[in-house]
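Me: Hi, I'd like to go through a protein model with you. Can we take it step by step?

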Amino acid sequence: MIELRNVSQRYQGPQGWVDALQAVNLTIPAGEIFGIIGRSGAGKSTLVRTINLLSRPSEGEVLVAGRTLTALPADQLRQARREIGMIFQHFNLLNSRTVFENVALPLELAGMKRAAIEAAVLPLLELVGLSAQKDRYPARISGGQKQRVGIARALASKPKVLLSDEATSALDPETTRSILELLRSINRKLGLTIVLITHQMEVIKQVCDRVAVLDAGRVVEQGSVVDVFLKPRHEVTRALLGDVIAHELPDAVKARVAKHLETGEGRLLRLAFAGASVDRPLLSETIRRYAVDMNILHGQVDDIQGRAFGSLAVLAGGEPAQLGAALDFLREQGVVVEALSHV
Ligand SMILES: Nc1ncnc2c1ncn2[C@@H]1O[C@H](COP(=O)(O)OP(=O)(O)OP(=O)(O)O)[C@@H](O)[C@H]1O
Ligand SMILES: [Mg+2]
């Protein structure tokens with residue numbers, strides 16, 4: 001659906017050139033919610049703006065719905081852009097227009113007649129749960145409701161793609177959850193492809209099918225959300241995951257483990273598992289089969305879009321060959337086993 005080929009973006013900054021994007025290659029399948037996460041300044045907004053060519057890349061190609069946007073003449077590009085809706089962190093509503101009139105604006109601009117506009121806007125307000133607020137002005141609705149207006153307005157021109165740049169960053173956690181649920185239901189009902197930019201892993205965890213991690217203008221990691229949560233490869237991903245998964249041990253545990261590792265034996269490991277392996281008594285089975293010790297130091301079982309997901313820090317001990325066989329067994333069962341070295 002969306003493909004970025006070798007996209008780079010350079011800006012002339014006050015201290016010379018800034019490489020906001022460097023040779024980015026991304027394929028975003030139709031019908032998915034694709035998350036792009038990164039720290040501040042990583043290039044997320046630049047990336048999302050290249051998808052609709054609000055910012056034309058210095059190099060590379062952008063393809064959306066089979067068309068190479070970077071090669072289109074201006075009039076065709078304008079047409080192609082109608083298929084790409086966008087929502088923003090600060091909603092960008094017109095305060096002098098009611099909820100209804102805000103949603104109607106793109107249709108008015110496209111020259112649509114009043115009756116047709118009503119026929120299009122009322123169901124959209126229904127879809128986002130704002131029928132009762134249609135005649136209110138933005139100053140008199142909540143932040144979550146403002147974002148619902150933004151979503152309805154973005155959907156007015158029947159886009160195939162919805163771009164969201166930190167659309168929940170100005171909202172509290174509960175409102176964030178309700179907006180993400182709305183996006184999920186729109187994605188399912190309309191088959192809309194959604195590209196969701198965020199700096200919060202929690203947002204990725206709640207709604208995204210796939211995620212790409214951006215750092216200093218480069219995609220440093222990408223994959224399905226479950227895979228990336230199970231086995232984050234890049235240090236930036238781990239740091240961002242720290243908000244939702246305990247990768248770091250609490251200080252008190254660290255001190256105890258460090259002392260133990262100095263004097264005693266054992267290996268400090270992280271075991272991560274998803275789906276079926278969460279429900280099986282795998283650890284006790286491993287301990288019994290291989291006569292090893294697994295002392296759980298820290299951990300959690302969580303939920304990624306209905307799929308159980310667990311992460312445990314364990315101190316494993318036993319005869320080395322047995323321990324090796326036990327870890328192989330866990331891996332065969334789909335558990336991700338890795339050394340936790342940073343104590
Ligand atoms: N129009 C511009 N002119 C010059 N430099 C720019 C411009 N837009 C962005 N940059 C620079 O490009 C880099 C990436 O910026 P971008 O806004 O894409 O990051 P971001 O990941 O969206 O950050 P944030 O999380 O803070 O929104 C930054 O170093 C920024 O200063
Ligand atoms: Mg940004």
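Reply: Sure. One definition to start: Lys and Arg count as positive, Asp and Glu count as negative, and His and the chain ends are left out. Also, this is a predicted model.

Me: OK, so how far apart are the mean positions of the positive and negative charges?

Reply: They are 6 Å apart. The protein has 41 positive charges and 37 negative ones.

Me: What does the C-alpha trace span along its principal axes?

Reply: About 80 × 50 × 35 Å.

Me: And how many helices and strands are there?

Reply: The protein has 13 helices and 14 strands.

Me: What share of the residues is buried?

Reply: Buried residues make up 48% of the 343 in the protein.

Me: Now the outside. How much area does the protein expose, and what do carbon and sulfur atoms supply?

Reply: About 16300 Å² is exposed. Carbon and sulfur atoms supply 49% of that.

Me: Let's do sheets. What's the strand order in the open sheet of six?

Reply: The order is 6-7-8-3-9-10, and the pairing is mixed. Strand 6 (84-88) and strand 10 (218-224) are the edge strands, each pairing on one side only. From one strand to the next, the twist averages 15°.

Me: Zoom in on strands 3 and 9. Parallel or antiparallel?

Reply: Parallel, over five bridges. Strand 3 covers residues 33-38, and strand 9 covers residues 210-215.

Me: Which residue in strand 9 does I36 stand opposite?

Reply: I36 stands opposite A212 there.

Me: What about the open sheet of four strands, what order is that in?

Reply: That one runs 2-1-4-5, with antiparallel pairing. Strand 2 (16-28) and strand 5 (67-68) are at its edges.

Me: Why is one side of each edge strand left without a neighbour in the sheet?

Reply: Because strand 2 and strand 5 each have a single partner strand.

Me: How many bridges link strands 1 and 4?

Reply: Five, in the antiparallel sense. Strand 1 is residues 2-13 and strand 4 is residues 59-64. Across that pair, L4 stands opposite V62 in strand 4.

Me: Which strands does helix 1 lie across?

Reply: Helix 1 (residues 44-51) lies across strand 1, strand 2 and strand 4. It runs at about 125° to strand 1.

Me: Last one, on contacts. Of those with a separation of 6 or more, what share joins residues 24 or more positions apart?

Reply: Such pairs account for 68% of those contacts in the protein.

Key:
Residues are numbered from 1 along each chain as its sequence is written. Chains are lettered from A and ligands numbered from 1 in the order in which they are written. This is a predicted model: local features need pLDDT of at least 70, side-chain atom pairs count only at pLDDT 80 or more; totals for chains, interfaces and linings use all residues. Side-chain values use heavy atoms; hydrogens and water are left out. Helices (H or I, at least four residues) and strands (E, at least two) are DSSP runs, numbered from the N terminus. Buried means under 20% relative accessible area, exposed over 50%, partly exposed in between (1.4 Å probe, protein chains only). Contact means heavy atoms within 4.5 Å. Accessible areas come from the Shrake-Rupley method with a 1.4 Å probe; for residues, only the protein chains shown count as cover. The place of a charge is taken as NZ of Lys, CZ of Arg, CG of Asp or CD of Glu. Two strands pair if DSSP finds at least two bridges between them. Axes are lines fitted to C-alpha atoms, for helices over the stretch in contact, and angles run from 0 to 180 degrees between N-to-C directions.
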